[in-house]
Amino acid sequence: MKRFNKVFTILVLIFLYVPMLVLAVASFNRGSDIATWSGFTFSQYGELFRDGTLLPLLANSLLLAVISAVVATVLGTMAAIGIHNMRGRLRTATIFVTNIPMTNPEIVTGVSLALLFAFAGTMLKRNDVFSFGTLLVAHVTFNLPYVILSVLPKLSQMEPDLQDAALDLGCTPLQAFFKVMIHEILPGVISGALMSFTMSLDDFVISYFVFGPSFVTLPVEIYNYTKKPLHPKIYALFTLLFAVILLVMVVMNLLQARDESRVGTLRRRKRAS
């Protein structure tokens, strides 16, 4: 059984990462045919960084990802604290509602938000309602649950008397949060922020329904490139995006492992005392 599990795990890893490996190799191929190796070159990356269309769109995606991640992290952390302080059925119902955007199909979320923004534009008598603002609202909306579900476990692991002790020592609730609580839940906050960043950076389905001509993201534009043969510089772009997201995920996993190690050490010390 153990041998079967190992073989199955290897097959899954091959299925997941071989396509990305092929894409990375193709980005260094001198020729344009992905099935024929014509020699090693960095010219595809050179053409990518000289491109006057893709790089501004990449900058748009990065800007949107950073801002939406920051907003979602702030709002999600506040929401997680509020949910943590709830009790009984209200807490259960709130968590259930929070999970709906994660399980809801993206196309349903995208169409729903598009209809909402179109209705708002009709009420405001504006034809240019779809813009950076609609993209930002949409990205914050689907990022919030990930932040909340990252912060809630850290709130549950926190000693319940820490905040009360800070208040007894003269701190205001705001001071108690920044001096005590934030240090305990910081790993969850960072994990939620990194998850929000990666989700926003590569989102296409929801963005496709709520973007406007004044602000286009890279995934939406890449969709137009797939309607014709891809230029090798697109392979280079995909490879760089994969490397960035992989780096973010590695950092997030390291932070989680470090936090679990710290929690385990504190628990062992508590038992020993």
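Helices (H or I, at least four residues) and strands (E, at least two) are DSSP runs, numbered from the N terminus. This is a predicted model, in which local features need pLDDT of at least 70, side-chain atom pairs count only at pLDDT 80 or more, and totals for chains, interfaces and linings use all residues. Residues are numbered from 1 along each chain as its sequence is written, and side-chain values use heavy atoms, with hydrogens and water left out.

**Stop 1: the whole chain**

Show the protein as a cartoon. You should find 11 helices and 0 strands. Read from the N terminus, the elements run α-α-α-α-α-α-α-α-α-α-α. Along the principal axes, the C-alpha atoms fill a box of roughly 70 × 65 × 35 Å.

Now colour by accessibility. Buried means under 20% relative accessible area, exposed over 50%, and partly exposed in between (1.4 Å probe, protein chains only). Of the 273 residues, 35% are buried. Next, think about contacts, meaning heavy atoms within 4.5 Å. Among those between residues at least 6 apart in sequence, 74% join residues at least 24 apart.

**Stop 2: the largest core**

A nonpolar core is a set of buried Ala, Val, Leu, Ile, Met, Phe, Trp, Tyr and Cys residues joined through side-chain atoms within 4.5 Å. Select Val 151, Leu 155, Met 181 and Ile 185. These have the most contacts inside the largest core, which has 26 residues. Two or more residues each come from helix H3 (54-84), helix H5 (106-124), helix H6 (132-157), helix H8 (173-201) and helix H9 (205-210). H6 gives the largest share, 10 residues.

Centre on Met 181. Leaving aside neighbours within four places in sequence, Met 181 is in contact with Ile 81, Leu 155, Met 158, Gln 163 and Ala 176. Another core lies apart from the largest one. That second core has 13 residues, among them Tyr 45, Leu 57, Val 216 and Ala 236.

**Stop 3: Val 210**

Select Val 210, in helix H9. Is Val 210 buried or exposed? Its relative accessibility is 0%, so Val 210 counts as buried. Show the surroundings, not counting residues up to four places away in sequence. Val 210 touches Gly 110, Leu 113, Ala 114, Phe 117, Phe 130, Ser 131, Thr 134, Leu 135 and Ala 138. Then draw a C-alpha distance to Glu 106. The two residues are 104 apart along the chain, and their C-alpha atoms are separated by 12 Å.

**Stop 4: Lys 125**

Move to the loop between H5 and H6, where Lys 125 lies. Check its backbone: phi is positive, about 60 degrees, although Lys 125 is not a glycine. Lys 125 counts as exposed because its relative accessibility is 77%.

**Stop 5: Thr 73**

Go to helix H3 and pick Thr 73. Its relative accessible area is 10%, so Thr 73 is buried. Which backbone oxygen does the side chain of Thr 73 reach? That of Ala 69, at 2.5 Å. Beyond four places in sequence, Thr 73 is in contact with Val 147, Val 189, Gly 192 and Ala 193.

**Stop 6: H3 against H10**

Stay on H3 and add helix H10 (residues 218-225). The two pack at an angle of about 140 degrees, with axes 8 Å apart. Axes are lines fitted to C-alpha atoms, for helices over the stretch in contact, and angles run from 0 to 180 degrees between N-to-C directions. Angles under 35 degrees count as roughly parallel, over 145 as roughly antiparallel, 65 to 115 as roughly perpendicular and the rest as oblique. H3 and H10 are therefore oblique to each other.

Show the side chains that make this contact. From H3, take Leu 54, Leu 57, Leu 58 and Ser 61. From H10, take Leu 218, Pro 219, Glu 221, Ile 222 and Tyr 225. By class, the contact has 7 nonpolar, 1 polar and 1 charged residues. Here Ala, Val, Leu, Ile, Met, Phe, Trp, Tyr, Cys and Pro count as nonpolar, Asp, Glu, Lys and Arg as charged, and the others, Gly among them, as polar.

**Stop 7: two residues on H11**

Select Lys 233, in helix H11. Lys 233 is buried, with a relative accessible area of 15%. A polar contact is a pair of N or O atoms within 3.5 Å; within protein, one must be able to donate a hydrogen and the other to accept it, and residues adjacent in sequence count only if both atoms are side-chain atoms. The side chain of Lys 233 makes one with the side chain of Asp 51, at 2.4 Å. Not counting residues up to four places away in sequence, Lys 233 touches Gln 44, Glu 47, Leu 48, Asp 51 and Leu 54.

Finish on Thr 265, also in H11 (residues 232-272). Thr 265 is partly exposed, at 24% relative accessible area. Its C-alpha atom and that of Ile 182 are separated by 20 Å, with the residues 83 apart along the chain.
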